[in-house]
Amino acid sequence: SAQLNPNLLSDAEIQSQQLSLIALSATIDQNQNTALSLEALVPNLGDVPEWNYYMGDAQAALGNKKLATEYYYSCSERSPAEIDYRSNCANSLWHLLLESSENSSAALTAAEPNYRAWMELAILTQNNRGLVETQTKLLERWFSTYANHPARLNPPLEILNLIQLELKIPSSIALVLPLSGRLQSAGEAVLDGFLSAVYLTSAQGYSAAEIEIFDSGALPIELIAEIISTENFDIVVGPLDTENVESFARSVSKELAVLYLNKVSNTEYRPNTQIGFSLAVESEAQQAAQTAMLYGHRSALVLIEDSEIGERAAGAFAEDWIQEDRQIYDIVRLSDATTLTKRLEQSFHVDQSESRKSQLQTLLGKRLEFTPRRRQDIDTIFLASNSTLARQITPTLAFLFAEDIPVLATSRVFDENSDSEDNRDLAAVNFLSPPWLAEAIQPLEQSLSTRPLELQKLEAMGVDAFYLGRRFEQLSSPEFRYQGKTGSISVGQDGNLRRTMEWVRIDGEKMVSANL
């Protein structure tokens, strides 16, 4: 790089250049002595107006994000005559607060109204749930409260997009569901959830769009796609079953926005305006793998029911898990309680321990006091099974001296219609639950719906589908997060939405947070 002649620079410009180099070094090397170097370079902080800007960059590069927001905020509050970096500082401050509320400074929140306003605005922007109109109404209130705030005078892009989103809410929706035939009960559950959200929207005084319903169980899906393609719908929601999704994707106009209620293949005929939203077990398996990784586990035992769902769960878990020297020690396919005990004895080598005991007793000719030992290198268990098999896990692990191994399970292990006494057998299992169920924290024998739990999940899916359809423009952003009934929903790279659910466990007769 070209060398600057220091004789041509003022003292302040030399100091500014040195600050820039130190901040750049922090970004590249993440040098823990950055802060000390900066303070030694410029002991009188007021001499160089760029101080807070570069210190913010340096602290952000070091991962000290809370401290970085303090420097950025101080920089953003300087007067224009004193510093030229205000907008850069405000932008950096905004994105740190938008990334996580944990990046905020408690001291500045309590002492500085403008900083507190930045934090409130970031939380408001992140709080994507339900009606977008509710969100924009809160935004109007914020603008009124902080009329002279920098973000009021020069709103961040995310705020402008949120305001514009209300203008792009669909006014006509085609809803494609199986309302007859094999999947009728599933289609009706989704429909009830969808229409309940429509009713609630109208009850709050907002336009809920015109909805035309197509029964994919009664009409050929290609015919439905042709009809919809010739009419003026703003968005299509559905179909629900896998085969119809693929056929519909090949047949429908590529100009239409479509929120499929199942996974979509990332193929050349699917445009970016067509997105998949499903309750597939794969997303739960991936979340289990990520959680186990977070806790540093490296050797997993995979227990699955002997079914297609079990195989899909195992495949998704393995895809995320097998990297960086992590391993799957064994995959146990379960069909009944008898095979469960036998197969786990083999996996934990308890049967070998019992065999050694018998050999020693025969050799010595006398009875031995002996406690079987299991292998010790399995540090986590992934469980994907129905509730009947899952309730056998806790007593079986206790019998095999393996009750200390953490068990992470998919949501299917819990059945709210089972006797509460039976569900206590899940006490050692941490399992995923959709927010609408986890947040209820109610006794297990109480139920808010007459449908089985798996169909209640589809009702919740219908609710989320309605609200996501109204926010469809946001689904093009990789940073988008939606707090839905079925989970925290984000945008995947494969054209499908991903769900993150709550980790819960059974405590007595209640479902409580697992606090993982």
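Among contacts in the protein between residues at least 6 apart in sequence, what percentage join residues at least 24 apart? I began the notebook with this, and the value I found is 64%. I note at the outset that I am reading a predicted model.

**Entry: overall content**

I looked up the secondary structure and found 22 helices and 15 strands. I then checked burial across the 516 residues of the protein, of which 48% count as buried.

**Entry: helices α3 and α4**

I turned to helix α3, residues 51-61, and helix α4, residues 65-76, whose axes cross at roughly 165° and come within 8 Å of each other. Because angles over 145 degrees count as roughly antiparallel, I recorded α3 as roughly antiparallel to α4. I entered the crossing of α3 and α4 as left-handed. On the α3 side the contact is made by Trp51, Asn52, Tyr53, Met55, Gly56, Asp57, Gln59 and Ala60, while α4 contributes Lys65, Leu67, Ala68, Tyr71, Tyr72, Ser74 and Cys75. Sorted by class, the residues in this contact of α3 with α4 are nine nonpolar, four polar and two charged.

**Entry: the disulfide**

How many disulfides does the structure hold? I found one, and it joins cysteine 75 to cysteine 89, with an S to S distance of 1.8 Å. The link of cysteine 75 and cysteine 89 is right-handed, with 80° about the S-S bond. I placed cysteine 75 in helix α4 and cysteine 89 in helix α5, residues 86-99, so that the pair, 14 residues apart, links distant parts of the chain. I next asked whether cysteine 75 is buried or exposed. Cysteine 75 counts as buried because its relative accessibility is 0%, and I noted cysteine 89 as buried on the grounds of a relative accessibility of 0%.

**Entry: helices α7 and α8**

I then examined helix α7, residues 113-126, against helix α8, residues 132-145, and found that their axes come within 10 Å and cross at roughly 170°. That angle makes α7 roughly antiparallel to α8. Ala117, Glu120, Leu121, Leu124 and Thr125 of α7 meet Gln135, Leu138, Leu139 and Trp142 of α8. By class I noted six nonpolar, two polar and one charged residues in the contact of α7 with α8.

**Entry: phenylalanine 248**

I located phenylalanine 248 in helix α13, which spans residues 242-251. Phenylalanine 248 is buried, because its relative accessible area is 0%. Which residues does phenylalanine 248 touch, not counting residues up to four places away in sequence? I listed Ile221, Ile224, Ala225, Ile228, Val236, Pro239, Val258 and Tyr260. For isoleucine 224, which is 24 residues from phenylalanine 248 along the chain, I recorded a C-alpha separation of 8.2 Å.

**Entry: glutamate 305**

My last entry concerns glutamate 305, which lies in strand β6, residues 299-305. Is glutamate 305 buried or exposed? Glutamate 305 has 8% relative accessibility and therefore counts as buried, the cut-off for buried being under 20%. Leaving aside residues up to four places away in sequence, I found that glutamate 305 touches Gly310, Leu334, Ala384, Ser385, Asn386, Leu389 and Arg412. I looked further at asparagine 386, which stands 81 residues from glutamate 305 in sequence, yet their C-alpha atoms are 6.9 Å apart in space.

How values were computed: Residues numbered from 1 in each chain as written. Predicted model: local features only at pLDDT ≥ 70, side-chain atom pairs only at ≥ 80, totals over all residues. Heavy atoms only, no water. Axes fitted to C-alpha atoms, helices over the stretch in contact; angles between N-to-C directions. Helix = DSSP H or I, 4+ residues; strand = E, 2+ residues; numbered from the N terminus. Parallel < 35°, antiparallel > 145°, perpendicular 65-115°, else oblique. Left-handed = near helix turned anticlockwise from the far one by under 90°. Contact = heavy atoms within 4.5 Å. Nonpolar A, V, L, I, M, F, W, Y, C, P; charged D, E, K, R; others polar. Disulfide = S-S within 2.5 Å. Buried < 20%, exposed > 50% of the residue type's maximum accessible area, 1.4 Å probe, protein only.
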